[in-house]
Amino acid sequence: MNAETMIVQYLKRHLDEHVSTDVPPERPARFITVERTGGTETRFASRPMLAIQVWGGTRTECGNLAQKVKGILFGLTSLTTVSDVQVMSLTDFPEPGQPASQRYQIVIQVTMQATD
């Protein structure tokens, strides 16, 4: 299973928010997207870097939800294929040209077993 799918499924089990790899065409009030942005691969380990974006609500509500999501992401190490999660940043990340749309971005690097 790729890292994006794994994290989407994991967050769906722990949150009541809409979670996917794409911005939904009909945007709910709050939602979360997961996108692989880079990382490294070896024969034995995969270290994907991912951007988890938390959308919606006021800036404060969005920031609070981002903090909650960050805490849940550390729990990925409970999965047998994940050995480490590092939060590289958590940033206010407003959507350009959309002043009413609030968004925070969490960048993580996950260490997991390589898959075929």
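Two helices whose axes meet at an angle of 65 to 115 degrees count as roughly perpendicular. Keep that in mind for a later stop on this tour of a predicted model.

**Stop 1: the sheet**

Start by showing the strands alone. You should find an open sheet of five strands in the order 1-2-3-5-4, with mixed pairing. Which strands stand at the edges? Strand 1 (18–20) and strand 4 (82–92) do. Each has a single partner strand, so one side of each is left without a neighbour in the sheet. Turn the view to look along the sheet, and you can follow a twist that averages 20° from one strand to the next.

**Stop 2: across the sheet, pair by pair**

Select strand 1 and strand 2 (30–41). These two run parallel and are joined by three bridges. To see one of the bridges, pick His18 and its partner Phe31 in strand 2.

Now add strand 3 (45–56). Strand 2 and strand 3 run antiparallel, with eleven bridges between them. Together they form a hairpin, and three residues lie between the two strands. Within this pair, Gly38 stands opposite Met49 of strand 3.

Next, select strand 4 and strand 5, the latter made of residues 103–113. Their pairing is antiparallel and covers nine bridges. Zoom in on Asp92, and you will find that its bridge partner in strand 5 is Tyr104.

While the strands are on screen, try showing their side chains. In a regular strand, side chains alternate between the two faces of the sheet.

**Stop 3: a residue in a loop**

Stay by these two strands and select Gln102, which lies in the loop between strand 4 and strand 5. Is Gln102 buried or exposed? Gln102 is buried, because its relative accessible area of 15% is under the 20% cut-off. Show what surrounds this residue: beyond its neighbours within four places in sequence, Gln102 is in contact with Val54, Trp55, Gly56, Gly57, Thr58, Arg59, Cys62 and Asp92.

**Stop 4: helix 2**

Cys62 leads you to the next selection, since it is among the buried residues of helix 2. Select residues 59–74 to see the whole of helix 2, which lies across strand 2, strand 3, strand 4 and strand 5 and runs at about 5° to strand 5. Its 16 residues reach 23 Å from the first C-alpha to the last, close to the 22 Å expected. Besides Cys62, the buried residues here are Gly63, Leu65, Ala66, Val69, Ile72 and Leu73. The elements that cover them include helix 1 as well as strand 2, strand 3, strand 4 and strand 5.

**Stop 5: helix 1**

Select residues 3–14 for helix 1, which packs on the sheet and touches strand 1, strand 2, strand 3, strand 4 and strand 5. The direction of helix 1 makes about 145° with that of strand 2. Color Ala3, Met6, Ile7, Val8, Tyr10 and Leu11, the buried residues of this helix. They pack against helix 2 as well as against strands 1 to 5.

**Stop 6: where the helices meet**

Finally, show both helices together. How do they pack? Helix 1 and helix 2 pack at an angle of about 115°, with their axes 11 Å apart. The two helices are therefore roughly perpendicular to each other, and their crossing is right-handed. To see the contact itself, select Ile7, Tyr10, Leu11 and His14 on helix 1, then Val69, Ile72 and Leu73 on helix 2.

Methods. Residues numbered from 1 in each chain as written. Predicted model: local features only at pLDDT ≥ 70, side-chain atom pairs only at ≥ 80, totals over all residues. Heavy atoms only, no water. Pairing = 2+ DSSP bridges. Helix = DSSP H or I, 4+ residues; strand = E, 2+ residues; numbered from the N terminus. Axes fitted to C-alpha atoms, helices over the stretch in contact; angles between N-to-C directions. Contact = heavy atoms within 4.5 Å. Expected span 1.5 Å × (residues − 1). Buried < 20%, exposed > 50% of the residue type's maximum accessible area, 1.4 Å probe, protein only. Parallel < 35°, antiparallel > 145°, perpendicular 65-115°, else oblique. Left-handed = near helix turned anticlockwise from the far one by under 90°.
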